[in-house]
Every structure is written in C-alpha cells, then in structure tokens.
Amino acid sequence: MAWIDELLGRTLVLVAHPGDECIAFGALLQRMGEPVVVFATNGAPQDPCFWKSYGSHEAYAELRRKEAYASMQAAGVKDVIFLSDMPGGEQLVEEELFRHLRTAFDLLAGAARRRMVHAILTLAYEGGHPDHDSCSFLAAQLAQSFNIPAWEAPLYHRLSGGSGVLQEFIGDSSEAVDVRPTEAEKVIKRGMRRAYSSQSNFLTRFDVGKEHVRPHPAYDFTKPPHEGKSNYEVWEWSMSVQDVCGAFAEFLRAGGERRGSSPAD
C-alpha cells in the first residue's frame, strides 16, 4: 500500500506533548526508518496545579523532557526535537500553542528543511486539546508548503452529547489504516508509556493495541471540528474552540505558510 512507502522513511512526527506519540502511533513509529519526532510544546502548562508538586514550572518541564527522551530511547528513535528548546521557542508552553502559530511554523519549517523529510504524521483535528488541534493545523500548512503527504491519528474527542471517545476518528474513516501492532511492538509501547511516570494515570486509559492513521483531510480550520463543545471547553479551560479557530484564521489571513519552499531549500 502507498501509505507504507510514504510513512516508513524519513517522516516528521509532529505531536503536541510528550506521551502523545506513544499512544497515537507508537507501533508505527517503531517501523519507520528515519523518524524525526518533534514535540511542539514543552509539555508543561503554566497553571500551578500541573506542576506545584514538582517544585516549579521549570522543574516539571525538565521532567517532561527527560521522560520524552527515555520514551524515544525505548522506541529506538534518535532524532528528537523540542521546539521550545530552539531559539525563539521559549514561549511554546503547553496549552499556548495556538497563540504562537507563526513561531512554531517557522521553527518546524526549518527542521523539515534541514532533515529533508518526505512525509508528516501528526494528530487529528478533533477538539480534544488546543495543542493537538494546533499541530493538525501546522502539519497541514507544512505539507502544503513543502508539497509532501501528511497523515494523522486520533487521540480523543467529545461527542455532541458530551461523552468522551478515545482513539477513533470523527466522521468518515474509510481511508483509515489499522496498523495492528504486533506483540513485540506492544511490549515496546508499554515501555514507552512507563517512561511517562508523571502521566501514568492518563496514558493507561489508552489501548496499546489500537492504532489508526489516515491521510490528513482538507479541514476547514476556521470552523470547529464538530458540533457541540470541544473537550477543553467541557474541562472548562480558559480558551474556547472559537478562540483556537480564530487563531488559525488569523494565521491564514496574514499569509499562512511561505509558499515555494521545499525540504531541500
């Protein structure tokens, strides 16, 4: 199948936070020849409720970074990038990615150009987390700019009635591919998950034997991904789905991606 050729070479794997990669496509990641895993944020929200037990925001961010590298080592991934560690990326903290799309895009474009990536794999636009939705948006702009294929995987979203759904696409999934992790790949995925000790209560909700990917649809990012509330609105976070869509629309009005680029430039 064509998707094997597209995703198993030098693929830029764009996720929002440490831990996203192991539950969304940990088995597929093991099959890639030259994956470049990019964490778009530092994985540490500004809200003290997330980090106060670790002493400081900086200490929690450093723990999340160490967990990510341990997870990547378990998966055999050698090329790992934190956009928040790059010059100018200090503002890319968890829950704030939609506010800094231009910075994130420029850093991503530079990484893709230097690595000469052949495809992008990211998270679905599903209203689960504003950073996940922002990664979906950024991947679409990057794929268009560099003329390379983009694929996506689901994590979680809310139905219109409010109930939660894990690891299933919204809408038509006829193009989705079931990756079917082997038993050996599941063992490694569990090892990746164990590396995230700070997130264990959350990550264990996801099925290590379940992975779906599909070609990234042509989303209208100026509109919410579905009817009803986003997951982060249900959680009563400070941002609304309209805020996030508004940030996407503003990026596009301002010129969006810089066209005419390619990974080889």
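Here a biologist and a modeller talk over a predicted model, taking up its helix packing and its largest pocket.

Biologist: Let's start with helix 2 and helix 7. Why is helix 2 called oblique to helix 7?

Modeller: Their axes cross at roughly 135 degrees. Roughly antiparallel needs an angle over 145, and roughly perpendicular covers 65 to 115. The value of roughly 135 degrees fits neither class, so helix 2 counts as oblique to helix 7.

Biologist: How do you know that these two helices touch, and which residues of helix 2 and helix 7 make the contact?

Modeller: Contact means heavy atoms within 4.5 Å. On the helix 2 side, the contact is made by Glu21, Cys22, Ile23, Gly26, Ala27, Leu29, Gln30 and Arg31. Helix 7 brings Glu185, Ile188, Lys189, Met192 and Arg193. The axes themselves come within 9 Å, and the crossing of helix 2 and helix 7 is right-handed.

Biologist: What classes of residue make up that contact of helix 2 with helix 7?

Modeller: Six are nonpolar, two are polar and five are charged.

Biologist: Now for helix 4 and helix 7. What makes this pair roughly antiparallel?

Modeller: The axes of helix 4 and helix 7 cross at roughly 165 degrees. The cut-off for roughly antiparallel is over 145, so helix 4 and helix 7 get that name. Their axes come within 8 Å, and this crossing is right-handed.

Biologist: Where do helix 4 and helix 7 meet?

Modeller: Ser71, Met72, Ala74 and Ala75 in helix 4 face Ile188, Gly191 and Met192 in helix 7. This contact has five nonpolar residues, two polar ones and no charged ones.

Biologist: And helix 6 with helix 10: why are they called roughly parallel?

Modeller: Helix 6 (residues 130–146) and helix 10 (residues 241–253) pack at an angle of about 20 degrees. Angles under 35 degrees count as roughly parallel, so the term applies to helix 6 and helix 10. Their axes are 10 Å apart, and the crossing is right-handed.

Biologist: Which residues in helix 6 and helix 10 meet?

Modeller: Pro130, Asp133, Ser134, Phe137 and Gln141 in helix 6 meet Val244, Phe248, Phe251 and Leu252 in helix 10. By class, six of them are nonpolar, two polar and one charged.

Biologist: Let's turn to the pocket. What makes a residue part of the lining of the largest pocket?

Modeller: A lining residue has an atom within 4 Å of a pocket point. The lining holds 26 residues, and Phe50, Tyr60, Glu94, Gln199 and Phe202 lie nearest the centre of the pocket. Helix 2, helix 4 and helix 8 (200–203) are the elements giving two or more residues each, and helix 8 gives the most, with four.

Biologist: How much space lies in that pocket, and what classes is its lining made of?

Modeller: About 490 Å³ lies in the largest pocket. The lining has 11 nonpolar, 11 polar and four charged residues.

Technical notes
Residues are numbered from 1 along each chain as its sequence is written. This is a predicted model: local features need pLDDT of at least 70, side-chain atom pairs count only at pLDDT 80 or more; totals for chains, interfaces and linings use all residues. Side-chain values use heavy atoms; hydrogens and water are left out. On a 1 Å grid over the protein atoms alone, a cavity is a set of points where a 1.4 Å probe fits but cannot get out, and a pocket is an open set with protein on both sides within 12 Å along at least five of seven lines; lining residues have an atom within 4 Å of a point. Grid points are joined across faces, edges and corners, and a volume is the space filled by probe spheres set on the points. Ala, Val, Leu, Ile, Met, Phe, Trp, Tyr, Cys and Pro count as nonpolar, Asp, Glu, Lys and Arg as charged, and the others, Gly among them, as polar. Axes are lines fitted to C-alpha atoms, for helices over the stretch in contact, and angles run from 0 to 180 degrees between N-to-C directions. A crossing is left-handed if the near helix is turned anticlockwise from the far one by less than a right angle, and right-handed if clockwise.
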